[in-house]
Amino acid sequence: MADDTWADLADLFADEAYASVKGYVRTYVMHQQLLEHLPPPPASVLDVGGGAGHQSFPLAQAGYDVTVLDSSPAMLDKARRRLERLPDEVQRRVTLVESAGENADEAVNGRRFAAVLCHGVLGYLEQPEPLIDQLCRCAAPGGIVSIMTGNAKAMAVQPALQRRWYDALAAFDTRTGIGVLGVQGRADTVEELSELVRSRGVEPIRWYGVWLFVDWLEFSGAELDPTDQQQVAATAAVELEASRRDPYRQLSRVFHLVGRKGRS
Ligand SMILES: C[S@@+](CC[C@H](N)C(=O)[O-])C[C@H]1O[C@@H](n2cnc3c(N)ncnc32)[C@H](O)[C@@H]1O
């Protein structure tokens, strides 16, 4: 791929964002939510826009057969280096593929997966439909599609907590904003995304929030210590509970939608 727009963000995202309490909470909460829907291992998982493998390597460690597909050579390099630190048997369960997600079906030679993940990718695309087409196509009959993306109904949260009041007022009616990586992003609603997957043969079955209190604390200036393992575990347990319930999940800046493809 000639133009790797993610090269400059690879360190910031893969090393810094995931080393924070928020990074830990994201992986933990999403992992628990996924386990509610995945068949037992070994089953095949395709992680589209999988980056450095933070979400799918734990699945490989749990015994799943994982394919990480990403358009960024820099992110795949990160994935490769992280993978080398894992046991051989886990390394053997992971395949890295360089491709645009919009080309996923061809890049995996028409293989169908028990689960297709796409976390934190749609918001960077102007037109999400071509990628959503591929996600739904690559899922096997009865397989799951798991998408995490920005929540268009919670756009005022970040600017308000950062006390950017004029931006917050404008954000109630916008779909785009500068996210934590400093990149312009686009958000969706649960209802719209549900319709997009439903029209492609994938029935939405559950949606969750991802972060709530850690996000609010960070944006309002609090420092959370990622080395305090007891506190981090307790925080993650609270966030998991909030992610499952109204009204908390509705206020999460990102949401996680899980759908199941029809069996025929
Ligand atoms: C915010 S990172 C998320 C990485 C990973 N899904 C995670 O949750 O840790 C976004 C990733 O999407 C990838 N990406 C962006 N647009 C893509 C596309 N059209 N096709 C495939 N990957 C893409 C980027 O290279 C980057 O690795």
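Helices and strands are here DSSP runs, helices of at least four residues and strands of at least two, numbered from the N terminus. The model is predicted.

**Exercise 1. Backbone geometry in the loops**

Task: Determine where Pro247 lies and which form the peptide bond from Asp246 to Pro247 takes.

Solution.
- Step 1. Pro247 belongs to the loop between helix 12 and strand 9.
- Step 2. Omega for the bond from Asp246 to Pro247 is near 0°, and the bond is cis.
- Step 3. A second cis bond, again with omega near 0°, joins Pro41 to Pro42. Pro42 is in the loop between helix 2 and strand 1 (44-48).
- Step 4. Most peptide bonds are trans, and most residues other than glycine have a negative phi.
- Step 5. Asn109 has a positive phi, near 55°, and is in the loop between helix 6 (104-107) and strand 4 (113-119). Arg163, likewise not a glycine, has a positive phi of about 60°; its loop connects helix 8 (157-161) and helix 9 (165-171).
- Step 6. Asn109 is exposed because its relative accessible area is 72%, and exposed means over 50%. Arg163 is also exposed, at 55%.

**Exercise 2. The buried side of helix 12**

Task: Check the length of helix 12 against its expected span, and state where its buried residues sit around the axis.

Solution.
- Step 1. Helix 12 covers residues 229-244, which is 16 residues. At 1.5 Å a residue it should span 22 Å, and its end C-alpha atoms are 23 Å apart, so the two values agree.
- Step 2. The buried residues of helix 12 are Val232, Ala236, Glu239, Leu240, Ala242 and Ser243.
- Step 3. These residues cover an arc of only 165° around the axis, and therefore lie on the same side of helix 12.
- Step 4. An α-helix has 3.6 residues a turn, so residues three or four places apart point the same way.
- Step 5. The cover over the buried residues of helix 12 includes helix 2 (21-35), strand 8 (202-209) and helix 11 (213-219).

**Exercise 3. Helix 2 and Leu34**

Task: State how many residues of helix 2 are buried, and which residues Leu34 touches.

Solution.
- Step 1. Helix 2 has 15 residues and reaches 21 Å between its first and last C-alpha, close to the 21 Å expected.
- Step 2. Of these 15 residues, 11 are buried, and helix 2 is mostly covered. Among the buried ones are Val25, Met30 and Leu34.
- Step 3. Leu34 counts as buried because its relative accessibility is 0%, and the cut-off is under 20%.
- Step 4. Leaving aside residues up to four places away in sequence, Leu34 touches Gln55, Leu59, Leu117, His119, Ile144, Ser146 and His256.

**Exercise 4. A buried serine**

Task: Decide whether Ser252 is buried or exposed, and identify its polar partner.

Solution.
- Step 1. Ser252 lies in the loop between helix 12 and strand 9 (254-261).
- Step 2. With a relative accessible area of 2%, Ser252 is buried.
- Step 3. A polar side-chain atom of Ser252 is 2.9 Å from the backbone oxygen of Trp211.
- Step 4. Beyond four places in sequence, the residues that Ser252 touches include Asn151, Ala154 and Gly209.

**Exercise 5. The ligand**

Task: State how many residues surround the ligand, and how much of its area the protein buries.

Solution.
- Step 1. The ligand is surrounded by 20 residues, the closest being Tyr18, Gly49, Asp70, Gly101 and His119.
- Step 2. A ligand nitrogen is 2.7 Å from a polar backbone atom of Gly101. For His119, a polar backbone atom is likewise 2.7 Å from a ligand nitrogen.
- Step 3. A side-chain N or O atom of Glu102 is 3.0 Å from a nitrogen of the ligand.
- Step 4. Taken alone the ligand exposes 590 Å², of which the protein buries 95%.

Notes:
Residues numbered from 1 in each chain as written. Predicted model: local features only at pLDDT ≥ 70, side-chain atom pairs only at ≥ 80, totals over all residues. Heavy atoms only, no water. Expected span 1.5 Å × (residues − 1). Buried < 20%, exposed > 50% of the residue type's maximum accessible area, 1.4 Å probe, protein only. Arc of directions from axis to C-beta. Contact = heavy atoms within 4.5 Å. Near = heavy atom within 4 Å. Polar contact = N/O pair within 3.5 Å; in protein donor to acceptor, adjacent residues only side chain to side chain. Areas by Shrake-Rupley, 256 points an atom, 1.4 Å probe, with all protein chains shown as cover.
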